[in-house]
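Biologist: Could you take me through this structure? I would like to begin with how the helices pack.

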Amino acid sequence: MAAAEVDFTEALTVLESISYDYLSSEDRKGMDAVKVMCQIDIDICEMMASDFCDFIDHSQKISFAVDEEEAVGHFRESRAALVRMKEKTAVMKTKIDAVEVDHLPAEIKGDFVGMKTYVHEFEKSLEEWIAMMDLALDDAGL
């Protein structure tokens, strides 16, 4: 993920150095959309390298906990990581929803719509996971 993040960051730097002076209106919108896609890819890399790894780490530690209190602590930390990912995904969703897909050049429209769908579906999945964890905590009286 770190290598991908570096690559996307370098790509975004190159895109941001391109002058809009000679671009058509459609090309400008396309360039803006590609920049949003690069930024979201960077955000996803950062989120996976930090919050998702925290989620996996604490989820694994639940089964190795020596007592219920320790297990519940790891369970809560796993849930907290999911909440952080949901918050970050909501920011990504705001960025991607700000772009008008109908005005994009045809050659990037499919990629953009695919990324938009991924971000929306990932946010829904996170909401479901958090709700399941909340239900488990409620059922356990914690």
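**Helix packing and cysteines**

Modeller: H2 passes H4 in a left-handed crossing, meaning that the near helix is turned anticlockwise from the far one by less than a right angle. Helices here are DSSP runs (H or I, at least four residues), numbered from the N terminus. This is a predicted model, in which local features need pLDDT of at least 70, side-chain atom pairs count only at pLDDT 80 or more, and totals for chains, interfaces and linings use all residues. Residues are numbered from 1 along each chain as its sequence is written, and side-chain values use heavy atoms, with hydrogens and water left out.

Biologist: Which residues of H2 and H4 meet?

Modeller: Among them are Ala33, Met37 and Ile40 in H2, and Phe112, Met115 and Phe122 in H4; contact means heavy atoms within 4.5 Å.

Biologist: Changing topic, how many disulfides are there?

Modeller: The structure holds zero disulfides, a disulfide being a pair of cysteine sulfur atoms within 2.5 Å.

Biologist: Why is there no bond for Cys38?

Modeller: The closest cysteine sulfur, in Cys45, is 10 Å from that of Cys38, which is too far for a bond.

Biologist: And is Cys45 buried or exposed?

Modeller: Cys45 is buried, at a relative accessible area of 3%. Buried means under 20% relative accessible area, exposed over 50%, and partly exposed in between (1.4 Å probe, protein chains only). Cys38 is also buried, at 10%.

Biologist: What does Arg84 contact?

Modeller: Arg84, found in helix H3 (residues 68-97), is in contact with Asp51 and Asp54, leaving aside neighbours within four places in sequence.

Note on methods:
Helix = DSSP H or I, 4+ residues; strand = E, 2+ residues; numbered from the N terminus.
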